[in-house]
Amino acid sequence: MSEKADKLPVRWPHAVTYEIFVQSFYDGNGDGIGDFSGMTSKLDYLDDLGVEAIWLMPINPSPTYHKYDVTDYHDVHPDYGTMEEFKAFVAQAHERDIKVIMDLVINHCSSEHPWFIAAQDPESKYRDYFVWADMDEIEAEGKLEKEATGDSDNTHQWNEVEDQEELYYAFFWGGMPDLNYDNPAVREEVYKIGKFWLEDVGVDGFRLDAAKHIYPDYRAEDNHDFWAEFKQKMESFNPDVYLVGEVWADLETQQPFAVGFTGLFNFDLAFTIMETVKNEQVVSASIHENAWKVDQGSPVGMYNESMEAFEAVNPKFVNTTFLTNHDQNRAMSFLENNEDKARLAASILLTLPGAPYLYYGEEIGMRGMKPDEQIREPFLWSARPDSGQTTWIKAEFSTSETVMPLDEQMKDSSSMYHHYRNLIRFRRTSEVMTFGTSEPKDLSDNELMGFVRQHGEEELLIIHNLSADTKRMSEPAGFVNTVFSTYPMKNDPKDGLVLPAYQSIILSKKP
């Protein structure tokens with residue numbers, strides 16, 4: 001265990017979390033697939049990087065590589081190891097003060113789940129675990145097809161069963177039939193599942209997949225009420241349970257969901273940060289129809305607006321921030337493989353308030369473009385064949401020819417890895433960076449992003465140069481002491497600042 005990491009203050013739940021696709025992370029037994037023993041062996045790496053929590057993409061048994069269609073909610077996928085090995089991973093993570101959040105996929109299950117297999121018998125008690133309707137009912141309501149959405153391109157949500165008149169509802173695709181939450185028995189099953197993982201296995205919380213789709217959009221209030229009830233139930237099993245929801249929607253739609261979660265992924269802020277970096281000027285972006293639109297505004301303004309909305313319904317809300325995750329093109333590829341811009345995006349994310357999430361490999365500049373498999377490629381530990389790199393898929397974007405592997409980056413103090421590590425460790429050692437508010441600072445230049453973080457009596461001024469040009473500024477209003485920078489300082493702030501392209505600096509008022 002890293003002694004340096006042990007000395008970092010614990011900031012949970014206002015912490016840096018690391019998302020892992022187990023299949024691609026580290027192969028501990030040589031079969032080409034990532035596993036729990038491999039992850040356990042890399043806990044010291046994550047501890048030293050400075051992350052305080054790990055979010056695991058689905059680990060339950062499933063017929064697909066991504067495992068978002070579960071066949072058994074009380075077990076782990078055998079490709080990843082045994083339940084005992086997973087419990088050992090959780091215990092080892094906890095020894096390092098690292099929390100473990102697992103993906104809980106309860107909007108739907110697999111069409112191969114025993115519940116659904118049984119439900120194909122109209123007389124089975126499991127029939128009502130799912131949503132069924134005949135063609136006349138579906139057509140009468142005009143709901144045979146739906147429009148593609150940003151979180152699903154499936155337009156045919158009603159699916160046939162051979163020799164039956166009734167069709168079953170599946171928002172994402174026929175292999176993922178939606179569960180029927182109007183049935184109290186389904187709710188009780190789901191609450192038992194949560195209890196099992198929290199009490200028997202010992203995880204610290206859940207990332208709730210597809211939280212917006214428990215009920216159709218026209219039953220939004222039922223959605224909000226369900227999640228409030230779910231949160232109450234989970235807190236009865238663990239008062240400190242952490243629940244983060246995936247609600248792919250604009251702020252107005254997201255807001256009422258906040259009552260049922262510790263945090264929600266802030267998609268609008270993610271798009272705002274990425275578009276600000278891509279456009280090299282301060283902008284905002286928000287979900288619009290099936291993508292997002294760019295508008296006037298700023299990341300700081302977007303963060304503050306969302307925080308005000310969320311705290312209005314949940315005073316203890318933790319704003320969950322990120323750049324990209326397993327559903328979006330990787331940050332490096334979105335930014336056209338410009339490493340300077342990818343570093344800048346990380347600098348903005350890790351200097352804003354909130355609880356930032358990192359997608360595995362982001363810290364070494366991994367690349368990836370859809371389809372989904374290619375944004376979930378193997379982590380590049382080393383160019384050596386015995387490095388534990390997984391081989392379940394042939395990488396197209398992140399290879400040792402396109403991305404410097406971690407072992408090489410660790411030896412290079414100017415690498416992307418050290419950029420992330422330095423930012424994370426500075427954040428964790430600073431109360432104002434973890435808990436402080438943020439207010440925009442007008443620097444009279446839209447290619448400069450400035451804001452002040454404040455906590456108690458402490459104030460820090462953060463300045464990001466969004467452009468490819470060196471920026472020169474006069475003394476920034478009393479902020480004269482450099483406490484962090486992403487580049488070697490060659491001048492005294494008292495004499496004015498010279499901020500190189502795509503670089504960042506943090507200043508304090510106290511010498």
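This is a short conversation about aromatic rings in a predicted model.

User: What should I know about the model first?
Analyst: It is predicted, so local features need pLDDT of at least 70 and side-chain atom pairs count only at pLDDT 80 or more, while totals for chains, interfaces and linings use all residues. Residues are numbered from 1 along each chain as its sequence is written, and side-chain values use heavy atoms, with hydrogens and water left out.

User: What makes Trp 55 and Tyr 357 an aromatic pair, and why is it called edge-to-face?
Analyst: Rings of Phe, Tyr and Trp (its six-membered ring) pair if their centres lie within 6.5 Å; planes under 30 degrees apart are stacked, over 60 edge-to-face, and the rest tilted. Here the centres are 6.0 Å apart and the planes 65° apart, so both conditions are met. By this rule the count comes to 45 aromatic pairs.

User: Why is Trp 55 called buried?
Analyst: Buried means under 20% relative accessible area, exposed over 50%, and partly exposed in between (1.4 Å probe, protein chains only). Trp 55 has 1%, so it is buried. Tyr 357, at 2%, is buried too.

User: Which rings join these two in a cluster?
Analyst: Ring pairs link Trp 55 and Tyr 357 with Trp 248, Phe 265, Phe 267, Phe 271, Trp 292, Phe 322 and Phe 334.

User: How do you know that the charge of Lys 278 sits over the ring of Phe 334?
Analyst: The rule asks for NZ of Lys or CZ of Arg within 6 Å of the ring centre and within 35 degrees of the ring normal. The charged end of Lys 278 sits over that ring, 4.7 Å from its centre.
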